[in-house]
Amino acid sequence: MPQTPKSWAMLKCKCPRCRRGDMFQGGPYSFSNKINLNCPHCNLFFEIEPGYFYAAMYVSYALNVGEAIGIAMLTYIITNNQDSPWLYLGTLILGCLVLAPINFRYSRVILLYWLSPKIHYQSYLDTDDIPGKS
């Protein structure tokens, strides 16, 4: 079986070790949008050490800054408004609120995939069979 591409696994919020198990329960805009404690496929404990996901706040901040710049530029391109700061403030606040659940997920995904030296992809776990189960 071919290996699951890293970009696809990140986009679908899959476990960084096996790229099969879901990292989150429910959809991004559902009330059950929370991270699983362990990977349902390979049993990786996602919170490597106590308070590990506090670092995801920094990643989320970087995502928010990038999104705010993009929203402000898009607002300017669409409206060509240079007079009203309230238009920009309103669109930035609304945009950040709408994108908050996405930031919650992808800040943790980026943290586990790119910023965690302890977690590595293990291709033998990237199968439909659950390891250790018959």
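**Buried serines, unpaired cysteines and helical spans**

S116 is buried, at a relative accessible area of 7% (buried stands for under 20% relative accessible area, exposed for over 50% and partly exposed for the range in between, using a 1.4 Å probe and protein chains only). The model is predicted, with local features requiring pLDDT of at least 70, side-chain atom pairs counted only at pLDDT 80 or more, and totals for chains, interfaces and linings drawn from all residues. Residues are numbered from 1 along each chain as its sequence is written, and side-chain values rest on heavy atoms, with hydrogens and water left out.

S116 belongs to the segment that follows α3 (85–114); helices (H or I, at least four residues) and strands (E, at least two) are DSSP runs numbered from the N terminus. What does the side chain of S116 reach? It is the backbone oxygen of L111, at 2.8 Å (a polar contact is a pair of N or O atoms within 3.5 Å; within protein, one must be able to donate a hydrogen and the other to accept it, and residues adjacent in sequence count only if both atoms are side-chain atoms). Once neighbours within four places in sequence are set aside, S116 is in contact with I48, Y52 and L111, where contact means heavy atoms within 4.5 Å.

Y52, one of these partners of S116, also takes part in ring packing. The structure holds two aromatic pairs (rings of Phe, Tyr and Trp, the last by its six-membered ring, pair if their centres lie within 6.5 Å; planes under 30 degrees apart are stacked, over 60 edge-to-face and the rest tilted). Y52 and F53 form an edge-to-face pair, with 5.6 Å between centres and 70° between planes. Both rings belong to buried residues, as the relative accessible area is 13% for Y52 and 12% for F53.

P50 sits in the loop between β2 (34–35) and α2 (56–79). Is P50 buried or exposed? P50 is exposed, with 83% relative accessible area. From P50 to I35 there are 15 residues in sequence and 15 Å in space, C-alpha to C-alpha. N36 is found in the loop between β2 and α2, yet N36 is buried, with a relative accessible area of 12%. The side chain of N36 makes a polar contact of 2.9 Å with that of Q25. Not counting residues up to four places away in sequence, N36 touches D22, M23, F24, Q25 and F46.

The cysteines come next. The structure holds zero disulfides (a disulfide being a pair of cysteine sulfur atoms within 2.5 Å). For C18, which is in no disulfide, the nearest cysteine sulfur is that of C39, 3.6 Å away. Why is there no bond from C39 to C18? The 3.6 Å between the two sulfurs is too far for one. Both cysteines are buried, C18 with a relative accessible area of 0% and C39 at 2% relative accessibility.

R19 lies in the loop between α1 (6–11) and β1 (24–25), and at 10% relative accessibility R19 counts as buried. The residue lies over the face of Y121, at 3.7 Å from the ring centre (a charge sits over a ring if NZ of Lys or CZ of Arg is within 6 Å of the ring centre and within 35 degrees of the ring normal). Backbone geometry adds a further feature: R19 has a positive phi of about 60° although it is not a glycine. Most residues other than glycine have a negative phi. N80 also carries a positive phi, near 55°. N80 is placed in the loop between α2 and α3 and is exposed, at a relative accessible area of 53%.

From the UniProt record, an unreviewed entry, comes the feature "transmembrane region" at residues 58–79 and 85–104; positions follow the numbering used here, feature names are shortened, and annotations may be inferred rather than shown by experiment. In the model, residues 58–79 are 100% helix and 0% strand, with end C-alpha atoms 31 Å apart. Residues 85–104 are likewise 100% helix and 0% strand, and their end C-alpha atoms lie 28 Å apart.

S60 has its place in helix α2 and is buried, with 17% relative accessible area. Which residues does S60 contact beyond its neighbours within four places in sequence? They are N103 and S107. S60 and R105 are 45 residues apart in sequence, while their C-alpha atoms are 9.1 Å apart in space.
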